[in-house]
Every structure is written in structure tokens, then in C-alpha cells.
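Let's take a walk through a protein fold together, with the sequence and the 3D view side by side. Please have both open as you read.

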Amino acid sequence: MNFETTSILLDAIKPYIENATLEITGENKDWRNRNYKSDFVTIDAKNHVGFEVLDNEVIAFYFTDHYHFEDYSSELQDGENNYVERAKSFLRDLFECKIRHVEYYKGKTLSSEKYFVMYHDGREDECIGYTWFGFSKFINPFGKKTMRSTTWQFDKSKGVFTTRQPKSVDSNAIEIIDISDDCYIEIFCNHNVYTYDIMEIDFDDYFGMYYWAPAVNVLPTGMYDTKEKAIAAARETLECRATPQ
């Protein structure tokens, strides 16, 4: 690596990217195909997510957009601008929070897009990227306005961004039984009485994301004197739902 800043940023997001496939290049080419020195770090190649470190600048890139963090310390008083710290904070939010991508259309033409960080601590969503395509394509001003939304979340277990919410298992469950990639059973025990929950993937049209929710059209859980009976009952209710009536 060419710059110490690269190590600082990687250390800041290390808890999130331990299962990611990193690619780091130190010799890169600009848009004129000229060589220049930087650290270009790709974390999720499929979704074009990572960052680039130059002498006095960090560029974070994500999906179809990017964000610049530049060093203005020579123009400001000491401590008023620390572009590395701001880049660290941005990257942490990128990998910790959900990222909502909203596309706006006029007719069938993409006219603009925005990216939002969806904070989970009560803060309002923050717009981190906006692009208008009016200079690069013809946009029919009379076209019907529509909107399409996609919500991304980083899956630490796989090291990639996904529109599928990572599994969040109830901490009180004593056992988890995976039925498929889209369904699992949670077994609970309270005062020697066993019960179950069945969770499955559903789709949110507004946010454009798959999320885990209690299964629908299944029999409610009963109370069982053994774990094995609870598991058998949960499997049976799934089989009954799958059987054509």
C-alpha cells in the first residue's frame, strides 16, 4: 500500500469486512489512461463498493455513486477539518446501516437518483448522493413520473451487499432449524415447555428489500413437553401448508 491512510480506513471497518474479498491496487490509470499512484480498495466488486486513497483525498464509491473527502487543512484552523476521520465515519455508516437507492423516472427514462443512509438510532435518513441525468440523455418532460426503490444492507457473514436482510435470530431461541434459504424454525423453552416460531422471507415493495417475518398461513404454535415434539409439529405445519387442498 502507498498510504498510511489506507491502513487506517481498513482498520476502522475491519469488524464488517472480515469475510469480504478485498482487492487493493497501487498503480492505477486515470480517464486519459495515464498512470498515477493511489490505493484503490475494492471490497464488494459486484456492487462497486470500496474506496480510493490519494495524497490528500479519499474517494468512497458505492454502487453507481461516489463521495469525495478532501484535505482543506491549509485553508482552515487546526482541527476544523479532518478528512480521514470523516471518511472513516462515512465508511462505517455505509457498512453498518441500510442504504436506500431511489430512482426517479420520466416515462421509461431514468431522470435522477438519490442514495440515503437509513440510521437505526433514531436519526433522520441522510441523503449522501444525488445525480440528475438531464445533461447526458434526453428526458421527456411530459413523461409519467414513477419511482423505484432498492434497499441494500451489508451481510457481514458473506462479505457483500444484498437486498436480502441478513438472518436475525431471536436470542432466546434454544435451537434453529434451517428449512431452506427462505425459511427457518426457532425453538423456545420456558419452564420445561417447548414452543416454536417459523420465520420466512417476504418482500417489501416500497423499500425494495427482502426481510424476515413470521410465516403466514401456518398453524399457531402449541405447547410441547419435549423439544423433539415441538420440532416435529413445526415441520408438520409447514408440510400441511405446502400440500394442495
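Is V102 buried or exposed? With a relative accessibility of 1%, V102 counts as buried, since the limit for that word is under 20%. Keep in mind throughout that this is a predicted model.

You will find V102 in strand β6. Beyond the residues up to four places away in sequence, V102 touches S112, E113, K114, F116, M147, R148 and S149. To get a feeling for distances in this model, pick I187 as well: V102 and I187 are 85 residues apart in sequence, and their C-alpha atoms are 38 Å apart in space.

Stay in the strand for a moment and look at H101, which also has its place in β6 (residues 98–106). H101 has a relative accessible area of 9% and is therefore classed as buried. What does the side chain of H101 meet in a polar contact? The partner is the side chain of E113, at 2.7 Å. If we leave aside neighbours within four places in sequence, H101 is in contact with T64, E113, K114, Y115, R148, S149, T150 and W152. E113 thus turns up in the contact list of H101 and in that of V102.

A second polar pair is worth finding. N28 sits in strand β1 (residues 23–29), and at 12% relative accessibility it counts as buried. The side chains of N28 and S38 are joined by a polar contact of 2.8 Å. Not counting residues up to four places away in sequence, N28 touches R34, N35, Y36, S38, F40 and E52.

Now turn to the helices. The axes of helix α1 (residues 4–12) and helix α2 (residues 83–96) come within 9 Å and cross at roughly 35 degrees, and the crossing is right-handed. On the α1 side, the residues that meet α2 are T5, I8, L9 and A12. On the α2 side, they are Y83, V84, A87, K88, L91 and R92. By class, this contact has 7 nonpolar, 1 polar and 2 charged residues.

From the helices we can move on to the nonpolar cores. In soluble globular proteins, nonpolar side chains tend to be buried together. Here the largest nonpolar core has 33 residues, and I17, F51, F95 and F161 are those with the most contacts inside it. At least two residues each come from α1, β2 (35–44), β3 (49–54), β4 (57–62), α2, β7 (109–118) and β9 (145–155). Which element gives the most to this core? That is α2, with 7 residues. Apart from this core lies another, of 13 residues, including I185, I231, A233 and A234.

I17 makes a good place to look inside the largest core. Its contacts, leaving aside neighbours within four places in sequence, are L10, L22, I43, F95 and F154.

Next, two backbone details. Most residues other than glycine have a negative phi. F63, however, has a phi near 55 degrees, a positive value in a residue other than glycine. F63 is found in the loop between β4 and β5 (65–70), and at 10% relative accessibility it counts as buried. H191 also has a positive phi, near 55 degrees. Its place is in the loop between β12 (183–190) and β13 (193–204). Is H191 buried or exposed? With a relative accessible area of 72%, H191 is exposed, whereas F63 is buried.

Two aromatic residues round off the walk. F135 lies in the loop between β8 (126–132) and β9, and its relative accessible area of 80% makes it exposed. The C-alpha atoms of F135 and G107 are separated by 17 Å, with their positions 28 residues apart along the chain. Y210, in strand β14 (residues 209–214), is partly exposed, with a relative accessible area of 36%. Neighbours within four places in sequence aside, Y210 is in contact with T163, R164, Q165, I201, D202 and F203. Compare its position with that of E52: the two are 158 residues apart in sequence and 31 Å apart in space, C-alpha to C-alpha. E52 is a residue you have already met, as one of those touched by N28.

How values were computed. Residues numbered from 1 in each chain as written. Predicted model: local features only at pLDDT ≥ 70, side-chain atom pairs only at ≥ 80, totals over all residues. Heavy atoms only, no water. Axes fitted to C-alpha atoms, helices over the stretch in contact; angles between N-to-C directions. Helix = DSSP H or I, 4+ residues; strand = E, 2+ residues; numbered from the N terminus. Left-handed = near helix turned anticlockwise from the far one by under 90°. Contact = heavy atoms within 4.5 Å. Nonpolar A, V, L, I, M, F, W, Y, C, P; charged D, E, K, R; others polar. Core = buried A, V, L, I, M, F, W, Y, C linked by side-chain atoms within 4.5 Å. Buried < 20%, exposed > 50% of the residue type's maximum accessible area, 1.4 Å probe, protein only. Polar contact = N/O pair within 3.5 Å; in protein donor to acceptor, adjacent residues only side chain to side chain.
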